[in-house]
Amino acid sequence: MKTYAQTFKELKRSAIIPFFVIGDPDYDTSLSIVKTAIDAGADILELGIAFSDPIADGPTIQKADIRALAAGMNIKRALQFVREIKNYKDIPIGLLMYYNLVYQYGVEKFFNDFHAAGVNSVLIADLSIDDADEVLAPAKKAGLETVFMVTPVTNDERIKLIASHTTGFIYTVSTLGVTGARQTLSNMVKPLIKTIKSITDIPVCVGFGISNPKQAAEVASAGADGVIIGSAIVKIIEDNLADKKQMLDNVKNFVAAIKNATAPNNI
Amino acid sequence: MKEKGRFGQFGGFYVPEVLIPALEEIEQAFYKFYKDPRFVAELNELYKNYAGRPTPLYHAKRLSEHCGFSVYLKREDLLHGGAHKVNNCLGQGLLAQYMGKTRLIAETGAGQHGLATAMIGALFGMETKIFMGSIDVERQNVNVHKMKLCGAEVIPVKGGTCTLKDAINDALRYWTAHVQDTFYLFGTAGGPHPYPTVVKHFQSPIGTEARRQCLEQIGRLPDMVIACVGGGSNAIGIFSGFIDDKSVKLIGVEGAGRGVNTTHHCATLNVGTVGVLHGARTYLLQDADGQIHETECISAGLDYPGVGPEHAFLKESGRAEYVCADDKQVLDAFELVCKKEGILPALESSHAIAWLVGQKGKLPPETIAVVNLSGRGDKDVGIVEKHRPVK
């Protein structure tokens, strides 16, 4: 199974990391969408498991969660989904989700089962480093890498603490607020990348509010090891629910455009 | 954070990283000011002259006669705004002032906490935004109007089930983006640490007064204290005065709605399971995967799929007992208190009375029961009329 470290080392450029809600808008279409993104140049996948109360997410991801749940998504099917993606290509996969779903399944069992299916890390949006004790030992035991968030209001001391428990990458939140596409890139992101880089060698991937190739290129040129794009790409699904061919074409073109804009000779 | 905010295994602060500094700031300010003489004096003055504390402990004689034992009502319904919610809003509002915050946000279900926050926003001259499920905005339009009169902006929340839990979700999302100048005035004894502790503290005058009044008026402690439980702020407020008095039974009454065997109830502690929602580990109404259920209950103020973590702890430790009353029993109790005492209890508080009335014939006549009458029922007249048209 390919690790994050191998991926970052091989790439010699910022990794492109699209985010999708598993099973949005339905299982089969979702599978085609993710495969399309892989073919278009995704280097790592960030996958969400839909939750009824996603407090860290803006309207676009909330709607995706509702679509996935309405189409019958559950933990068992999410496991199957990861296996199918992994059979298609050995690409690193990080889950991004809420604690209650992990908690109900059983933390150890969840980590073991999803690692066995091919997941590299499980980032729990509503579990901070203060309660990392609840997940660190089971994650290590299961063979998972760890990913935690750093935000523009995280102080240096806390960044150090977070970095000390992180083995995969630091999920750097570019702005204050929830997930969602934004017109302009937050002016907090470049100083934040610099700060984190001055504190740790752990790879830094940036997400929240990165909506187009230009913004992705800015983040890449600021030294990010990875660029995470969520709402902007999930919006393509929402906007093309009636026309699946168009949906897949647009996903393909969008990921390719991001990949191209962030190529080392273009930034 | 200085503390873990745990009540046994329950509580904690399960929130996105971006909210941690904001919670730390509130925790720090709370411990700095809650015993500060100037803060305490200012808050007590507001409790007394703005809200109307202390509230009476009233011996409901005709209701007692009906039940066959003594029933005392702690009259939080007489407070400004018509419910206990003002206690917490004054406390947190003053804290926000001391912290130099300029904006208050709050969630609301029935509109009582939203209204109390709007009142306090006006009192302190702060910008106030109230997040309210779009379904609740419709069914509680009188409270929406009152909030607007007090100068608050009411934001209808259209996500999810369009009710209280979704209002909390959106208030948290807004807070995430505005943590630096905004104080989230959380309405119930739930949510992430330090809220359960903060809310309990600002609601504790209910219990402190009730205990003192029992000793003064009756000459002894009651045998039991009963309160309705949604999130559980009025209950934790009155329980807090008696928690160390082991002889006093503490009973929380949840909404059984159309019955705990249906999906139309909010009896979280009665039939829920442990999970993590809105920042706390506590009992939840959820499916096997952990997706949160919709709830339904005749009183919107109890309509929540979680419960304050200290109640979860009091249940597990056996110190308190949690029972429930269904919509029919609640309407019966509402009518009974109107007829016997000339008091319109809120449908929330009517849950506590409903359970107690159900003990008729089961308790010895010397029993003394104190019910927290957490709010008045004027807001519920329309709902009662719909179910039980007055002939």
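**Entry 1. A strand in chain A**

I began with strand β7 (residues 204–207) of chain A, which pairs with β8(A) in the parallel sense over two bridges. Within this pairing I found A:V206 standing opposite A:V227 in β8(A). I note at the outset that the model is predicted.

I then looked up the other pairing of β8(A) that I had listed. Strand β1 (residues 15–21) of chain A and β8(A) run in the parallel sense and are joined over four bridges. Here A:P18 stands opposite A:I229 in β8(A).

Are the two faces of strand β8 (residues 226–229) of chain A buried or exposed? I found both faces covered. A:G226 and A:I228 are buried on one side, and A:V227 and A:I229 are buried on the other. Thus A:V227, the residue opposite A:V206, and A:I229, the residue opposite A:P18, belong to one side of the strand.

**Entry 2. A sheet in chain B**

I turned next to chain B, where four strands form an open sheet in the order β1-β2-β12-β11, with antiparallel pairing. Which strands lie at its edges? I recorded β1 (6–7) and β11 (273–277) of chain B, each of which pairs on one side only. As background, I note that strands of a sheet pair through backbone hydrogen bonds, either parallel or antiparallel.

I also looked up one pairing within this sheet. Strand β2 (residues 10–14) of chain B meets strand β12 (residues 279–284) of chain B in the antiparallel sense, over two bridges. The bridge partner of B:G11 in β12(B) is B:R281. I marked B:R281 for the entry on the interface.

**Entry 3. The interface of the two chains**

I looked up how the chains meet. In contact are 35 residues of chain A and 36 residues of chain B. The area buried between chain A and chain B is about 2900 Å², and carbon and sulfur atoms give 51% of that area.

How many salt bridges does the rule find across the interface of chain A and chain B? I recorded six. One salt bridge joins A:E134 to B:R281, with the closest N and O atoms 2.7 Å apart. B:R281 is also the residue that I had noted as the bridge partner of B:G11. I further found A:E134 and B:R281 in a network of salt bridges that also links A:D131, B:K4 and B:R6.

For polar contacts, I recorded a count of 23 residue pairs between chain A and chain B, with both residues at pLDDT 80 or more. On the side of chain A that touches chain B, the elements giving two or more residues are α3 (59–70), α5 (99–105) and α8 (156–164) of chain A. Of these, α5(A) gives the most, with five residues. By class, I listed 19 nonpolar, nine polar and seven charged residues on this side of chain A.

**Entry 4. Salt bridges within the chains**

A search of the whole structure gave me 43 salt bridges over all chains. In chain A, I looked up the one between A:D43 and A:K259, whose closest N and O atoms are 2.7 Å apart. A:D43 lies in the loop between α2 (27–39) and β2 (45–48) of chain A and A:K259 in helix α12 (residues 244–261) of chain A, so this pair ties together parts that are 216 residues apart in sequence. I found both A:D43 and A:K259 buried.

In chain B, I looked up B:K200 and B:E310, which form a salt bridge with the closest N and O atoms 3.0 Å apart. B:K200 lies in helix α9 (residues 195–217) of chain B and B:E310 in helix α12 (residues 309–317) of chain B, so the pair ties together parts that are 110 residues apart in sequence. B:K200 is partly exposed, at 22% relative accessible area, whereas B:E310 is buried, at 9%.

I also recorded the salt bridge between the side chains of B:D380 and B:K379, at 2.9 Å from N to O. B:D380 is buried, with a relative accessible area of 2%, while B:K379 is partly exposed, with 23%.

**Entry 5. A serine in chain B**

My last look was at B:S233, which lies in helix α10 (residues 233–239) of chain B. Why does B:S233 count as buried? I found its relative accessibility to be 2%, and buried means under 20%.

The side chain of B:S233 makes a polar contact with that of B:H84, at 2.9 Å. Leaving aside residues up to four places away in sequence, I listed B:H84, B:K85, B:G187, B:T188, B:A189, B:V199 and B:Q203 as the residues that B:S233 touches.

Note on methods
Residues numbered from 1 in each chain as written. Chains lettered and ligands numbered in written order. Predicted model: local features only at pLDDT ≥ 70, side-chain atom pairs only at ≥ 80, totals over all residues. Heavy atoms only, no water. Contact = heavy atoms within 4.5 Å. Buried area = accessible area lost by both parts, 1.4 Å probe. Salt bridge = Lys/Arg side-chain N within 4 Å of Asp/Glu carboxyl O. Polar contact = N/O pair within 3.5 Å; in protein donor to acceptor, adjacent residues only side chain to side chain. Nonpolar A, V, L, I, M, F, W, Y, C, P; charged D, E, K, R; others polar. Buried < 20%, exposed > 50% of the residue type's maximum accessible area, 1.4 Å probe, protein only. Pairing = 2+ DSSP bridges.
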